[in-house]
Structure formats: structure tokens, C-alpha cells
Amino acid sequence: MVRFSGGYNVPLDANPFNSWAKVLDCGDIPVTSYDNTWALKQIEEGHNSILMRAPATNATQVGISKHGKTLPRVITLGGDHTITLPLLRSMNRAYGPITVIHFDSHLDTWKPKVFGGAPSHQASINHGTYFYHASQEGLLRNDTNIHAGIRTTLSGLSDYENDGYCGFHIVEAREIDTIGTEGIIKKIHERVGHKNPVYLSIDIDTLDPAFAPATGTPETGGWSTRELRTIIRGLKGINLVSADIVEVAPAYDTNAELTTMAAADTLYEVMSLMVLSGPLSVKEDEAIDN
């Protein structure tokens with residue numbers, strides 16, 4: 001459907017399929033189902049093998065990565081949100097500590113003893129604690145990270161305090177009723193800035209279950225598909241270097257595939273933003289400033 005009529009994104013005036021960028025489906029990372037520790041390592045190494053390859057455009061030019069190389073942008077489509085931890089480990093190898101924009105109904109910074117009880121180290125790494133671990137490992141850039149769409153219940157206000165210690169600012173889903181999509185976009189820009197490399201992680205449960213029922217932990221009171229797409233388009237100008245879209249569970253979807261369509265269209269908006277930003281090379285004005 002996205003490419004059926006040509007792929008041109010009218011609001012963003014961009015076509016991710018007909019631009020300077022070469023779009024490739026890199027297939028699936030082989031992941032064992034028997035050992036979660038090894039599975040997370042497989043995800044990290046699989047992602048990094050793609051991330052560190054020479055891109056089709058500007059491969060020989062100086063890039064913004066910490067090694068001075070121009071790298072490709074990688075968008076990962078996943079199920080369980082735990083995969084963001086090994087993806088951030090891979091990103092750290094390329095960019096160092098990175099700024100994160102996180103669309104979700106849940107914080108995902110819970111301390112393991114609060115979320116799941118952590119009977120073992122491996123059990124402490126799950127879809128509600130991966131940002132806690134990312135913070136502890138130094139993968140996040142300090143005080144530039146932001147959640148958007150949050151509306152979950154908590155174990156107490158200490159969850160918010162811990163979230164702040166992990167380096168995040170929170171935009172609640174209900175704020176759309178008072179400040180609108182433009183206000184939410186403004187908060188994100190103010191928090192992350194326009195120079196830092198930014199990683200975008202999108203949990204499909206940011207959407208209300210009326211629009212995306214096929215997800216593992218649905219929460220009512222979320223945004224519509226139109227609102228989420230508008231907010232993502234509003235990220236234009238932010239330096240998105242990589243992204244993931246997760247928690248889509250096709251087995252739970254309707255016959256009309258509402259969740260799958262929402263995820264695909266969200267991906268399309270992200271791709272359009274990345275095309276508008278150009279290759280991840282050092283711009284001429286940045287070279288002069290440096």
C-alpha cells in the first residue's frame with residue numbers, strides 16, 4: 001500500500017523509495033530460542049554487522065560516527081522491546097552514548113526488582129527494564145532523552161524518580177488534550193536538540209488499542225494513528241541516525257491488519273524523515289564550525 005501509488009509523502013514532500021538513499025531489506029537476524037543471553041548477543045552482533053558496513057551513498061566521506069565514518073541508517077523491526085538494549089549496545093560502538101526518543105505507553109526504565117523481581121541476572125533484562133540497563137551501562141547520553149505517549153500505572157512515584165535518574169523526560173499521552181501535537185513536538189525538539197545523533201524507538205502500543213490491538217501490553221487512552229504520524233513528522237530537523245519499531249504481534253491482529261498497517265505507515269514516516277536529513281556525513285557548515 002505504501003508504494004502502490006509511488007511512495008511520495010505529501011506532508012513531508014519526500015519519497016524514501018525514489019531519492020539519494022538506497023533502501024534494502026537486510027532480512028532476519030538468526031536468534032536462538034534456547035539462551036536469552038546468547039540471543040541478545042546475536043542481535044547486537046547482527047545489527048552491528050549491518051550498521052558498520054559502507055553505505056551506498058557517501059561511503060568515502062567523513063561521517064558523524066565516533067570513528068569519522070559515514071554509516072548507513074538501520075531500522076530494526078522487532079517483537080519484544082527488549083531488543084532495544086542490544087541495539088543500543090551496537091549503536092554505542094558506532095556513536096558512543098546516544099540520545100533516545102522513546103514512543104511508548106510504558107516507561108521501560110523500571111528497576112529489575114520492581115519489574116519482574118529479577119530472580120536471576122538474565123531475568124532482570126526484559127521489556128520493562130532494558131532502558132534501566134542501558135543507563136547503567138552508559139549507553140544513553142545524559143539528560144537529553146525523552147519518552148512520549150506515557151500513560152501506564154506505576155508502582156509509585158519512585159518510578160518517575162528512577163526514570164529521571166536514567167536521564168529521561170516524560171511527555172504523558174494525556175498532554176495532547178492540553179498542548180496538542182504541536183506542543184508535544186516542541187517538547188521533543190527542546191529536549192533532544194538538533195546536533196546530537198538520535199536513536200528513535202517506537203513501541204506500537206503508543207497507539208490506543210482501538211488503532212493497534214495487536215500488541216503484548218495494550219493501554220487504553222493512547223493516541224490515534226493520525227496523531228502519532230503527525231508527531232513523528234514533526235521530528236523533522238532532528239538528527240535521526242537509527243530506529244526500531246517493536247511490539248507488533250500479528251497473531252493478535254484483526255482480519256483487517258490494523259496494527260500491521262499502522263506499523264508500516266509509521267515506518268514510512270521515519271524513512272521519509274531520514275531521507276530528508278541526507279546521508280550521515282559531516283555537513284560543510286559543521287566542518288567549518290569544527
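The points below concern the sheet and the largest pocket of this predicted model.

1. The sheet is open and has six strands in the order 1-6-5-2-3-4, with parallel pairing. Strand 1 and strand 4 (168-172) each have a single partner strand and stand at the edges, so one side of each is left without a neighbour in the sheet. From one strand to the next, the twist averages 10 degrees.

2. Two of the pairings can be followed residue by residue. Strand 1 (residues 74-77) runs parallel to strand 6 (residues 240-246) and is joined to it by four bridges, with Asp 244 of strand 6 as the bridge partner of Thr 76. Strand 2 (residues 99-103) and strand 3 (residues 145-150) also pair in the parallel sense, over three bridges, and here His 147 in strand 3 is the bridge partner of His 102. Helix 1 packs on the sheet, where it touches strand 1 and strand 6, and its direction makes about 150 degrees with that of strand 1.

3. The side chains of strand 1 alternate: Val 74 and Thr 76 point to one face and are buried, whereas Ile 75 and Leu 77 point to the other face and are not buried.

4. The largest pocket holds about 1600 Å³ of space. It is lined by 45 residues, of which Leu 24, Cys 26, Val 74, Ile 75 and Thr 76 are the closest to its centre. Helix 1 (36-51), strand 1 and helix 7 (258-277) each supply at least two residues of this lining, and the largest share, six residues, comes from helix 1. By residue class, the lining divides into 29 nonpolar, 10 polar and six charged residues.

Notes:
Residues are numbered from 1 along each chain as its sequence is written. This is a predicted model: local features need pLDDT of at least 70, side-chain atom pairs count only at pLDDT 80 or more; totals for chains, interfaces and linings use all residues. Side-chain values use heavy atoms; hydrogens and water are left out. Buried means under 20% relative accessible area, exposed over 50%, partly exposed in between (1.4 Å probe, protein chains only). Two strands pair if DSSP finds at least two bridges between them. On a 1 Å grid over the protein atoms alone, a cavity is a set of points where a 1.4 Å probe fits but cannot get out, and a pocket is an open set with protein on both sides within 12 Å along at least five of seven lines; lining residues have an atom within 4 Å of a point. Grid points are joined across faces, edges and corners, and a volume is the space filled by probe spheres set on the points. Ala, Val, Leu, Ile, Met, Phe, Trp, Tyr, Cys and Pro count as nonpolar, Asp, Glu, Lys and Arg as charged, and the others, Gly among them, as polar. Axes are lines fitted to C-alpha atoms, for helices over the stretch in contact, and angles run from 0 to 180 degrees between N-to-C directions. Contact means heavy atoms within 4.5 Å.
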